[in-house]
Amino acid sequence: MHSVLPEVEKVCSMLVEKKLIYSKYDEVGIVLFGTKETKNELTEEVGGYQHVVVLQNMKVVDGDLVDVLKRLPRGTVSGDFLDAIIVGMDMLIKKFGETEKGKKRLCLITDALFPIKEPYEGTKEDQVSAIAQQMTKHGMRMDSVVVRRRFGRDADEKMMDENDVLLNIFSEKTNAKMVYVESPTSLLGAIRTRSISPVTIYRGDLEISSVIKIKVWVYKKTSEEKFPTLKRYSDKAPSTDKFATHEVKVDYEYKSAEDTSKVVPPEHRIKGYRYGPQVIPISTAEWDAVKFKPEKSVKLLGFTNASNIMRHYYMKDVNVFIAEPGNKRAIVAVSALARAMKELDKVAIVRCVWRQGQGSVVVGVLTPNISEKNGIADSLYFNVLPFAEDVREFQFPSFNNFPALMQPSEEQQEAADEFVKMLDLAPSGREEILQPDFTPNPVLERFYRHLELKSKDPAAAVPPLDATLQKITEPDPDLLSQNKSGIGTFDRRFELKENPKLKKPRRLYLREKPSGSSDKEDNEEISAQIVVSAANTSLVKVEKIGDSTPLQDFEAMMSRRDSPEWINKAINGMKNKIFDLVENSCDGDNYPKALEYLLALRKGCIIEQEPTQFNDFLRHLCKFCLEKNLHSFCELLAFERLSLISKKEAADSEVADDEARSFLVKMEPKFEPKMEPKLEQI
């Protein structure tokens with residue numbers, strides 16, 4: 001296992017580093033197996049247990065233990081993991097005896113490639129069963145991490161299978177968990193370095209109706225791991241004071257604005273809230289009188305098809321509903337409900353108030369979780385659903401509706417398909433890359449390592465990103481090298497351009513004029529703010545097409561996705577602008593601008609798949625020009641070859657290509673010869 005020992009050192013040292021923050025009174029011991037030497041108490045007492053070394057006896061975690069784990073010695077012989085498990089159990093039993101049940105934990109990291117010794121009596125399976133029985137008796141848990149890389153022909157598959165069977169016995173007969181990992185990245189996340197005791201957030205009734213209620217407990221199933229809370233530290237205490245807490249306490253005093261020497265006591269203070277230029281005082285009693293106070297409850301609102309609840313609707317952490325422990329009727333009721341929902345492919349919508357006095361009501365969805373293990377009851381998963389105000393509906397036109405000129409060719413489509421397949425994180429026949437259960441948070445991992453360095457050297461700089469963590473945050477170089485041909489094909493099929501990063505404008509705020517500053521400096525600052533303000537005007541949402549920048553306003557409204565109404569408003573606004581320009585034109589002075597706006601309207605209607613609106617408007621506009629004797633505008637359109645939007649350009653159009661090309665020809669007026677009036681001599 002020499003090739004993966006660097007990652008083993010990292011994950012084990014990280015485990016201790018987190019204990020120094022969250023569980024600083026935990027005790028840890030280290031046992032190595034597969035070493036040339038033998039050093040353990042069982043060898044001296046009963047013999048055997050060769051090539052097993054107790055590198056560190058049980059002790060409270062400290063910085064020295066981290067250093068030991070970062071420099072593990074390399075073994076030279078094959079190791080017997082059962083011997084190592086027994087030595088570890090012996091250390092725990094001698095240290096804690098029958099106490100601390102449920103808090104004793106063994107962590108085994110091995111590749112399980114080499115055989116274990118034959119027992120003096122019985123079979124290997126009997127020996128493992130006896131060890132598992134002792135684990136249960138003393139309240140021990142075990143996590144087994146089996147490192148399975150890609151082995152060559154030298155690997156003994158029969159021996160691997162036999163060892164896997166033995167390790168599975170632990171999982172079946174005691175509180176043990178076994179996981180397989182292939183990559184160094186998965187190994188970093190295979191061991192849970194921080195254990196959090198589950199705490200119920202609700203204990204009460206799940207109200208199906210006014211007469212049907214099920215006793216349930218609700219736990220958090222998942223929770224985001226955040227940075228540890230860092231507190232202020234005071235160095236004012238004498239160095240000789242061993243009982244100093246170095247805690248910093250902050251007290252606030254409120255003083256009168258009229259007399260700054262007078263302290264206002266709590267009973268004379270009241271919260272004030274700004275309302276325009278005024279501050280409105282609101283007392284606690286007034287707040288309580290108008291505050292919404294729902295009763296603690298979980299009520300069923302109804303059932304719906306599972307297909308109606310999309311995965312991206314889920315908003316927060318996942319909770320799990322279980323029946324009240326020991327309540328057989330509740331266990332049967334929850335199981336019956338979950339299995340019926342699973343069979344009918346339904347989910348339940350529930351209204352939740354987790355505790356009395358909670359200010360907000362949560363609406364969420366319950367999905368069934370059918371247990372596959374004997375002795376573990378069925379349960380329900382809960383996810384928070386958004387209210388209407390929380391949903392952001394973004395509408396995008398389909399690529400299939402774009403004109404043929406904007407559609408990819410068959411070669412481009414094939415290259416894009418291969419490029420996407422190349423980036424598959426779950427290729428067939430291989431372990432999924434970056435599995436969520438085994439992928440640590442690289443930000444937190446780097447933070448803890450830097451924290452450990454700072455504890456020894458306060459001036460330590462932030463270390464460079466670890467190579468294993470780089471595989472999480474950066475593209476896998478092995479994956480890219482294996483798919484050079486696919487990347488090259490994609491590069492050749494498309495015209496790739498670099499997307500330059502635009503510098504964000506600095507925000508400047510008006511401040512009071514400092515003493516000694518000149519008017520010139522003030523003018524420069526104000527002019528800079530005007531420039532920044534002009535640069536940020538594009539961030540303001542446009543609600544109508546103005547007179548100063550109608551084209552920019554039209555494009556901004558067409559690009560808004562907070563409501564589908566903005567597209568119709570933009571199109572109608574541009575129609576009115578064009579019509580006004582044509583109608584109020586004098587000798588065609590407004591025709592060029594009207595043509596520019598008409599081209600922009602045509603382009604926008606093609607992109608947003610609104611060809612009917614443009615075609616109807618163009619017909620109406622040309623008919624109006626003929627009626628008002630504005631033939632020159634129609635001639636300008638014909639000269640610029642601006643016509644109806646055809647079906648080739650937009651799939652929703654009802655105009656054929658031939659009809660679009662001949663439109664302006666049909667609209668040309670038929671001139672009849674007019675008789676010149678005879679002038680009579682007066």
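A contact here means heavy atoms within 4.5 Å. Keep that in mind for the legends below, which all show a predicted model.

**Figure 1. The whole chain, before we zoom in.** By that contact rule, look at pairs with a separation of 6 or more: 68% of those contacts in the protein chain come from residues 24 or more positions apart. The protein chain carries 22 helices and 14 strands. How does its radius of gyration stack up against that of a compact globule of 682 residues? The globule would come out near 26 Å, but the protein chain has 37 Å. Along the principal axes, the C-alpha trace spans about 150 × 85 × 70 Å.

**Figure 2. Surface and charge of the protein chain.** About 46,300 Å² is exposed, and carbon and sulfur atoms supply 52% of that area. Of the 682 residues, 35% count as buried. As for charge, there are 100 positive and 107 negative ones, and their mean positions sit 4 Å apart.

**Figure 3. The span annotated as "domain: Ku".** The label comes from UniProt, where an unreviewed entry lists residues 261-402 under that name. In the model, this span is 17% helix and 31% strand. Its end C-alpha atoms lie 73 Å apart.

**Figure 4. Tyr49 and Asp345, two loop residues with positive phi.** Most residues other than glycine have a negative phi. Tyr49 goes the other way, with phi near 55°, and so does Asp345, at about 55°. Where do you find Tyr49? Look in the loop between α2 (41-46) and β2 (52-60). Asp345 is in the loop between α9 (328-344) and β12 (346-353). Is Tyr49 buried or exposed? Tyr49 counts as buried because its relative accessibility is 19% and the cut-off for buried is under 20%. Asp345, at 48% relative accessibility, counts as partly exposed, since over 50% would be needed for exposed.

**Figure 5. Lys10 on helix α1 and what it touches.** Lys10 lies in α1, which runs over residues 5-22. Which residues does Lys10 contact once its neighbours within four places in sequence are left aside? The list is Leu188, Arg449, Asp466 and Thr468. Another residue to pick out in this view is Val66: it is 56 residues from Lys10 in sequence and 9.6 Å away in space, C-alpha to C-alpha.

**Figure 6. Lys59 on strand β2.** This lysine lies in strand β2, the strand that follows the Tyr49 loop and covers residues 52-60. Skip its neighbours within four places in sequence, and Lys59 is in contact with Asp26, Glu27, Val28 and Asp64. Ile30 is 29 residues away from Lys59 in sequence, with 9.9 Å between the two C-alpha atoms. Why does Lys59 count as partly exposed? Its relative accessibility is 24%, so it falls in between the under 20% of buried and the over 50% of exposed.

**Figure 7. Glu414 on helix α10, with Thr489.** Glu414 is found in α10, residues 410-422. How far apart are Glu414 and Thr489 in space? The C-alpha to C-alpha distance is 9.7 Å, for a pair 75 residues apart in sequence. Glu414 is exposed, since its relative accessible area of 53% is over 50%.

**Figure 8. Asp437 in the loop after α10, with Gly189.** The loop that holds Asp437 lies between α10 and α11 (442-456). Asp437 is exposed, with 67% relative accessible area. Gly189 is 248 residues from Asp437 in sequence, yet 7.1 Å from it in space, C-alpha to C-alpha.

Note on methods. Residues are numbered from 1 along each chain as its sequence is written. This is a predicted model: local features need pLDDT of at least 70, side-chain atom pairs count only at pLDDT 80 or more; totals for chains, interfaces and linings use all residues. Side-chain values use heavy atoms; hydrogens and water are left out. Helices (H or I, at least four residues) and strands (E, at least two) are DSSP runs, numbered from the N terminus. The radius of gyration is taken over C-alpha atoms; the globule rule is 2.2 Å times the number of residues to the power 0.38. Buried means under 20% relative accessible area, exposed over 50%, partly exposed in between (1.4 Å probe, protein chains only). Accessible areas come from the Shrake-Rupley method with a 1.4 Å probe; for residues, only the protein chains shown count as cover. Lys and Arg count as positive and Asp and Glu as negative; His and the chain ends are not counted. The place of a charge is taken as NZ of Lys, CZ of Arg, CG of Asp or CD of Glu. UniProt positions are given in the numbering used here, feature names are shortened, and annotations may be inferred rather than shown by experiment.
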